[in-house]
Amino acid sequence: MKKIAVFTSGGDSPGMNACLRAVVRTAVYHNIEVVGIMHGYDGMINNEFFPMGTKSVANIVHRGGTILKTARSKEFMTEEGRKKALENLLKHKIDGVVVIGGDGSFKGALEFSKMCNIPFVGCPGTIDNDLVGTDFTIGYDTAINTVVDAVDKIRDTAESHDRLFFVEVMGRDAGLIALRAGIGVGAESILIPETKTDVDVLIKRLENGRKSKSSKIIIVAEGDEAGGAFTIAEQVKKRLPDFDTRVTILGHIQRGGNPSAMDRVNSSRMGFAAVEALMQGKKNVMVGIIDKNILFTPFEKAIKHIQELNPDLIRMVNILSL
Ligand code: F6P
C-alpha cells in the first residue's frame, strides 16, 4: 500500500471530518501517500484528486460537514461513469480507497468492485444509523443530540400553550433517530417505519393521557408508513379537534453542527482502523464498532438490512410515554 485515496459520499454527517483526519494522519504515519477526492464519486469521475498531508486536516476534528464536499452521484450509477472513475484511480496509481459514507456509497463500491480490483474499505458516515455491523454510525449521536436540543425548546412552548406537537425527524427507511431522540425528550409517542402506525391506537393514547401532562410531543420518523408528520397530524386533528395541534419538521439542521465527543472518538477510531485494514489486505468491508470493539463487515452484509430495533426499548417507550 503506497498510495491511498479518501473521499466522502452521500448525505454528510457530523464526524466525517474527524474520520478524514484520522485516515490522513494514519496513512502519513505509515509512509503512505494520501490523495483526497472532492465531491464523492462525482469527483472520482471528474478527476478532482489532490494530495493531502498532516496540515490539510489540521483544525477539522471539531467541524461538521465535510471539507471534501460530498454528492449523491448519478453518473457513478452508470457503467460509463464507473469506467471514467477507474481510469482516474489507475492514472493516479491508487492502491486502496477509503470511502466515508452510507449505504448508497457502499452499494456503489460493491458494484464498482465488479470492474475494479483496487480494495475499498468503508467508514459508516450517515446520521441514520441504518447499517448492519456497527452500533453507531458517524453522525448519529450528534443528530440525536440536535433533535433533543430542538425538541426541548419545542416542549417549552408546547407546555406554555397546552399544545400537541408532531415533530418530524430524519430517517427515510429507519426510525433509529426517532426512537433514541424520542426517549431522550420523553415523547408521548414515537412513530417509526419499523413498526405499524395505528392512528386509532395513537388517538386512544392521547385521550387516555389528557390528564398526565398538558403538552404532548409525538416524534415521527420521515419514513413512517402512515405518512409524514403533516399527514398524521391532519388525521388526528379531525378526530380530536379540541387538541391545539402544531407540526414542526426539523429537516437538515439534523445533519449539521459540531460533532459530539462520541462521534469524534468513534470516527477517529474508524478512520484509523480503515487505513490499517487496507494495509492488512482487507477489501470491500465496512469498519464498525460493536460493544466498543472494532470489527469489519462485508459491504453486502452491511447494506442488506437495517439494524433491528431493540425490543426492550420499544417496550420501555410504551410504558414510560403516557
Ligand atoms: O441519509 C441521510 C439523510 O439525512 C436521510 O435521513 C434523509 O432522508 C436524507 O438524507 C435527505 O437527503 P438530502 O440531503 O438529499 O435531502
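Here are three short exercises on the ligand site and the domains of this predicted model.

Before you start: local features need pLDDT of at least 70 and side-chain atom pairs pLDDT 80 or more, while totals for chains, interfaces and linings use all residues. Residues are numbered from 1 along each chain as its sequence is written, and side-chain values use heavy atoms, with hydrogens and water left out.

**Exercise 1.** Work out which residues surround the ligand, and sort them by class.

Step one: list the residues with a heavy atom within 4 Å of the ligand. You get R72, I127, D128, M170, G171, R172, E222, H252 and R255.
Step two: sort them, with Asp, Glu, Lys and Arg as charged, Ala, Val, Leu, Ile, Met, Phe, Trp, Tyr, Cys and Pro as nonpolar, and the others, Gly among them, as polar. That makes five charged, two polar and two nonpolar residues.

**Exercise 2.** Find polar contacts to the ligand (N or O pairs within 3.5 Å), then see how much of the ligand is covered.

Step one: check the acidic side chains. E222 has a polar side-chain atom 2.5 Å from a ligand oxygen, and for D128 the distance is 2.7 Å.
Step two: try R172, where a side-chain N or O atom sits 3.3 Å from a ligand oxygen.
Step three: turn to area (Shrake-Rupley, 1.4 Å probe). The ligand alone exposes 400 Å², and the protein buries 77% of that.

**Exercise 3.** Place the site relative to the domains.

Step one: take the bounds from an automatic or database assignment: domain 1 is 3-139 + 259-302 and domain 2 is 141-255.
Step two: look at the shell around the ligand, which draws at least three residues from each domain.
Step three: compare the domains. Their C-alpha centres lie 34 Å apart, and 15 residues of domain 1 contact 13 of domain 2 (heavy atoms within 4.5 Å).

Note on methods: A polar contact is a pair of N or O atoms within 3.5 Å; within protein, one must be able to donate a hydrogen and the other to accept it, and residues adjacent in sequence count only if both atoms are side-chain atoms.
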